Amino acid sequence: MGINRRDFLRVTGVGTLLGLGGGVVRELGIVKRVEAGTYQPQPNALTARRWAMVVDMRKCLEKVNQDGCQDCILACHAVHNVPKIQDPKHEVKWLWKEPYENTFPSQHHEFTEERLHGQPFLALCNHCDKPPCVRVCPTQATFRRPDGIVVMDYHRCIGCRYCMAACPYGSRSFNWSDPRKALEADKTNPGFPTRTKGVVEKCNFCDERLAEGLPPRCVEVCTVKALTFGDLEDPESDVRKLLRSYYTVQRKPELGTKPEIFYIV
Amino acid sequence: MYDAGKILTGLLLFLCLITSPIWYNLAAGKADTKPDPKLPAQEKECVAARDVIVATHMSLLNTWRDKVVRGADREYVTAGGKVFPLSLSEGCMKCHANKAEFCDACHNYVAVSPYCWDCHVEPKENK
């Protein structure tokens, strides 16, 4: 049995038409589309062109030396379900205390003021203007938002830890084990996800709270008002007023990462 | 054929054994049990029509995830004007509060295990 040229052309022609027709059927809406509604931000969301923070270490250290205050750290870690792991090789931290010499290795010298020696400075993600972690991330799980916050999409993180190698501030932690094991189940904040084993995490400047119109949790709980949060592009914002009136320093500015966290020492 | 009786009996036994789970389920009346996810009693309106959600909730959730994590939008306004937060815990699970009776009902039936709850905290009722 053979096929002649005419029949062959007929069969292929009809087949092509059917193939092309499939797309049309879809376009006509026979296959239903998901989206019928619209999306919008939450009505009272806080917005800025460049979020930044000023840490007044004079106020902070006074309180810390009085009573070993760590209100902001505990509050931050509670609201973001950050696991408490003692082993320093495996610990996870969003907000923590770092000795002065390690916080500002290039500013400190042999004869630095004695009141600063070994003092615990508050450290967190610097939400750099030029974030090296974002440059190295192979999956774009870490990215810089238009308002300057460097955030992570934990769904995309593949745990390669390039960002940890790139971050000069040690602001990133890797989950070597299931973080839920180190979290007390009854104290987990159900409004914020935990992370999973094999994912990197870091401070997110409370983007989930800003979306609801709330300031970052650390700023909110600080009883001595040592933390000030605001828009760097707004000349009348609280952070700009502080930056105008006091001498401030950034961590490792010589690296050109342009940190958005400023310290009044 | 030599030993036809033995071979045929053996084959019959083998067929019976290998299909026994099917017969068992048919006898127990479980063969055509469709999953029956429990819908919330009070709330009638969801983010989309039921058949659309059944077919496309996975891509809907993916879209929502990207909107929240990578964009600025955190609310969804349905064609009818109802506003829903784009959130598993504050959105979906506010009405469908029982994961076992809602999500798991179908997911177990079709043997898929999405990893949402590896990170997202499931509602308290389940624990």
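1. How many helices and how many strands are there in chain A? In this predicted model, chain A holds nine helices and eleven strands. With a radius of gyration of 26 Å, well over the 18 Å that the globule rule gives for 265 residues, chain A is more spread out than a compact globule.

2. The dimensions of chain A can be read alongside that value: its C-alpha trace spans about 100 × 45 × 40 Å along the principal axes. Of the 265 residues of chain A, 34% count as buried, and residues 24 or more positions apart account for 65% of the contacts in this chain that have a separation of 6 or more.

3. Within chain A, an open sheet is formed by four strands in the order β9-β2-β11-β10, with mixed pairing. Its edge strands, each of which pairs on one side only, are β9 (227–231) and β10 (248–249) of chain A. Strand β10(A) runs antiparallel to strand β11 (residues 261–264) of chain A and is joined to it by two bridges; in β11(A), A:Tyr263 is the bridge partner of A:Val249.

4. The contact between the chains takes 20 residues from chain A and 25 residues from chain B. On the side of chain A that touches chain B, there are eight nonpolar, nine polar and three charged residues.

5. Strand pairing also links the two chains, since strand β1 (residues 38–40) of chain A and strand β1 (residues 75–77) of chain B run antiparallel and are joined by three bridges. For A:Tyr39, the bridge partner in β1(B) is B:Tyr76.

Key
Residues are numbered from 1 along each chain as its sequence is written. Chains are lettered from A and ligands numbered from 1 in the order in which they are written. This is a predicted model: local features need pLDDT of at least 70, side-chain atom pairs count only at pLDDT 80 or more; totals for chains, interfaces and linings use all residues. Two residues are in contact if their C-beta atoms, placed from the backbone, lie within 7 Å. Ala, Val, Leu, Ile, Met, Phe, Trp, Tyr, Cys and Pro count as nonpolar, Asp, Glu, Lys and Arg as charged, and the others, Gly among them, as polar. Two strands pair if DSSP finds at least two bridges between them. The radius of gyration is taken over C-alpha atoms; the globule rule is 2.2 Å times the number of residues to the power 0.38. A residue is buried if 20 or more other C-beta atoms lie within 10 Å of its own, exposed if 12 or fewer, and partly exposed in between; C-beta atoms are placed from the backbone.
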